Amino acid sequence: EEEVKVKVAPAPVPVRKKTPEKKVERTSRRTPTTTSYYPYRARYTYESSSEEDDDGNADYPLVRLSPDSLKYTPMRLSMEERKELRTIEAAIRASDYTDTVDNPLLTGTKREAKIFKELEYFLIGLECSIEGLSEGVESWADKDLTRPMDTARRLMEIARRHKMSSPNTSISEYGKLLYLAQDCYVRMKEYWGEVTDVKTAETAVAEWELGDILEDQRVPLGTTPVPRLESIPLLNKALRRKTKVQKQLKRKYGERAEQVIYSIDDRNVFIEENAIPIVEMIRLAKKFFNPENPTDETLLTIQEGEGGSRLSHDHKNHFYFVVQSLTFWKNILKDMAYLWVVMERDMLSGEYEFRDTGQGFNRVHKCPTLYNAVAEILQKTKDEVGAWVGSERIHIGDNQVPNGLHFIDKYTQVSRIIRPIISTLSGIETIVANDQEQRESIEEVWGSVRAVQLAILRDFFRFGFDGSGGNNDDDAGSCIDGRLTSAWNWCSLIRTKPYYPMFLLAGFSSFDSPK
């Protein structure tokens, strides 16, 4: 019998019915770098307008343009400039220039010869990396540094401008770069030429003939950081509208206008992230602490020798001492762009003295223009707060603050002190609102949420402004620089405080973190 093979057809594959896709509203993919997420900011109610409504108005305060805001606003780097930035940063990072020339064992003519030799090596190497090996070899053979210096000056301007726009970047490289540029001007002035400022929004508007953009009513909306709004959807709408206005300005005035808008926005974001937290700290001081009628929880009296304090203030004087110090920091940070420009002018002109300052060997430079600018801000602060408590001495170009670079570096870090404190105070409220066990634990230890918040503020106001942190009255005390020294000394002792677990609970990691 023959075997019969039967082919069996495969079972039909069930076909899934396609479910209609849900329409999801697209949000802007642009990272909201211009948004403030500080929980302590006032919650504005934002009513979004129609797509056609681009009159430049908003339901939150807008930052209006002023002549000074353009004059000292550094221009954001273009894509081509960013490529060159990587080159100069790599060259500075690989160089050991300051370690070599700022050697205490080198003195007199030996140090001068070493500086000239190291500068020559650096300039020729930089030209080889930018213009090509043949160009660098030709300059080396001719012993002519004119072309290498032109290249170096252009790249250094890009790196300086980038640092001014983003103070938290290139922290160690910038100091080396500035000292190298300082020696280029002082030792090789015939090649360097005159000291020039970085490219600002004012010079860019004049060069590119964009004067009409300053009269456009939409510019403040396109350059003001969006505050924290009532909800995420409203926040996204505000961000989308801001982005839309920026694109409209770009279409009307061209690609270069977009770079100007972003540059102004960068400056406003810096003020938002650095000065606004200090404004909030001043508000908390005036809200919870009365200079006339203190309680046991709000008493700010300090006594010399108590807890490391170097000052003696009664409650009223110390309250005003704290408020005026915070106000001075706020004004410094609001004018930081101007101070940075005049600091570089001073550092890149005139001789300096290399000597031991008690904190190691440093380049001591008087920086008279920067000193006068800080003195003006101090006078402005005195007019704002009324009375003045403590010393008015400004340290720039001495053993405490050797030069302008040290001064700028100290004050760009003020927000690293204030922001974690503000975040912890607001974070405690969020935690107890969402976690009943944590609320009961805090109330068991401290009595209430308000009590732990007052304890943190009172301890910071007392021992963060007590003149500690130095070995003498010049290093610390009540002078302008000593107040910031005391605050950093308080930060170094945060792990010894009884409320330190509250900081950890709120997500605190370190005061050194730029975020």
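Helix α16 and its surroundings

In helix α16, the residues L370, A373, V374, I377, L378, T381 and K382 are buried, and what covers them includes α14, α15 (336-347), α17 (404-411) and α21 (480-492). The model in which this is seen is a predicted one. An α-helix has 3.6 residues a turn, so residues three or four places apart point the same way. The length of α16 also agrees with expectation, because the 18 residues of this helix (residues 368-385) should span 26 Å at 1.5 Å a residue, and its end C-alpha atoms are 26 Å apart.

The two flanks of α16 carry backbone features that can be described together. After the helix comes G386, whose phi is positive, near 95°. Before it, in the loop between β2 (361-364) and α16, C367 has a positive phi of about 55° although it is not a glycine, and C367 is buried, with a relative accessible area of 0%. E209, in the loop between α9 (201-208) and α10 (219-223), likewise has a positive phi, near 55°, in a residue other than glycine. Is E209 buried or exposed? With a relative accessible area of 71%, E209 counts as exposed, because the cut-off for that class is over 50%.

Around these elements, the protein as a whole contains 22 helices and two strands, and 50% of its 515 residues count as buried. Among the contacts with a separation of 6 or more, 75% are accounted for by residues 24 or more positions apart.

One pair of helices illustrates how consecutive elements can be arranged. The axes of α12 (residues 255-274) and α13 (residues 276-288) come within 3 Å and cross at roughly 30°, and because angles under 35 degrees count as roughly parallel, α12 is roughly parallel to α13. The contact is made by I271, E272, E273 and N274 on the α12 side and by I276, P277 and I278 on the α13 side. By class, the residues of this contact divide into four nonpolar, one polar and two charged.

Charged side chains also pair elsewhere, and the count of salt bridges comes to 33. In one of them, D183 and R187 meet at 3.5 Å, N to O; both residues lie in helix α7 (residues 171-187), four residues apart, about one turn of the helix, and both D183 and R187 are buried. A second salt bridge joins R462 to E306, with the closest N and O atoms 3.3 Å apart. Here R462 lies in helix α20 (residues 449-463) and E306 in the loop between α13 and α14 (315-334), so the pair ties together parts that are 156 residues apart in sequence. The partners are not alike in accessibility, for R462 is buried, with a relative accessible area of 8%, whereas E306 counts as partly exposed at 39% relative accessibility. Salt bridges that share partners further join D102, R111, E112, D183, R187 and R363 into one network, which thus takes in the α7 pair described above.

Finally, R147 forms a salt bridge with E138, the closest N and O atoms being 4.0 Å apart. In this pair R147 counts as partly exposed, at 34% relative accessibility, and E138 counts as partly exposed as well, at 40%.

Conventions
Residues numbered from 1 in each chain as written. Predicted model: local features only at pLDDT ≥ 70, side-chain atom pairs only at ≥ 80, totals over all residues. Heavy atoms only, no water. Axes fitted to C-alpha atoms, helices over the stretch in contact; angles between N-to-C directions. Parallel < 35°, antiparallel > 145°, perpendicular 65-115°, else oblique. Contact = heavy atoms within 4.5 Å. Nonpolar A, V, L, I, M, F, W, Y, C, P; charged D, E, K, R; others polar. Buried < 20%, exposed > 50% of the residue type's maximum accessible area, 1.4 Å probe, protein only. Expected span 1.5 Å × (residues − 1).
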